[in-house]
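This report covers a pocket, a core and the cysteines of one protein model. Please look through the structure below before reading on.

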Amino acid sequence: MFFTGQSTKNKALELDVKGWVCNEPDGSVLIEAEGSKEKIIGLFDWCKKGPSQAKVVDVKKKEVIVKNHDSFIII
């Protein structure tokens with residue numbers, strides 16, 4: 001993925017998803033997200049396209065232990 005953490009945060013807030021996003025030095029974006037199955041699917045589907053200026057190359061997902069995030073932040 002090649003897009004900013006801010007656009008991801010905006011989409012996560014719109015979907016009421018909790019967690020974090022981090023822009024990596026290589027231009028990729030890491031996201032840890034928690035929410036209902038429908039909300040996570042919505043965020044994942046959005047990540048496949050990204051915002052209008054994005055160049056999405058690949059999207060991978062992995063289940064992780066729930067950490068009960070209380071917000072969505074950029075780290």
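The largest pocket holds about 1,100 Å³ of space. A pocket here is an open set of points on a 1 Å grid over the protein atoms alone, where a 1.4 Å probe fits, with protein on both sides within 12 Å along at least five of seven lines; lining residues have an atom within 4 Å of a point. The volume is the space filled by probe spheres set on the points. Of the 27 lining residues, I31, F44, K60, K61 and K62 are the closest to the centre of the pocket. Both β2 (29–34) and α2 supply at least two residues of this lining. By class, the lining has 16 nonpolar, two polar and nine charged residues.

The model is predicted: local features need pLDDT of at least 70, and side-chain atom pairs pLDDT 80 or more, while totals for chains, interfaces and linings use all residues. Residues are numbered from 1 along each chain, and side-chain values use heavy atoms, without hydrogens and water.

The largest nonpolar core (buried nonpolar residues joined through side-chain atoms within 4.5 Å) has ten residues, including W46, C47 and F72. α1 (5–15) and α2 (37–49) each give two or more residues to this core, and α2 gives the most, with three.

The count of disulfides (pairs of cysteine sulfur atoms within 2.5 Å) is zero. The sulfur of C22 is 14 Å from the closest cysteine sulfur, in C47, too far for a bond. Both cysteines are listed below; buried means under 20% relative accessible area.

| Cysteine | Relative accessible area | Class |
|---|---|---|
| C22 | 15% | buried |
| C47 | 4% | buried |

Conventions
Buried means under 20% relative accessible area, exposed over 50%, partly exposed in between (1.4 Å probe, protein chains only). Helices (H or I, at least four residues) and strands (E, at least two) are DSSP runs, numbered from the N terminus. Ala, Val, Leu, Ile, Met, Phe, Trp, Tyr, Cys and Pro count as nonpolar, Asp, Glu, Lys and Arg as charged, and the others, Gly among them, as polar.
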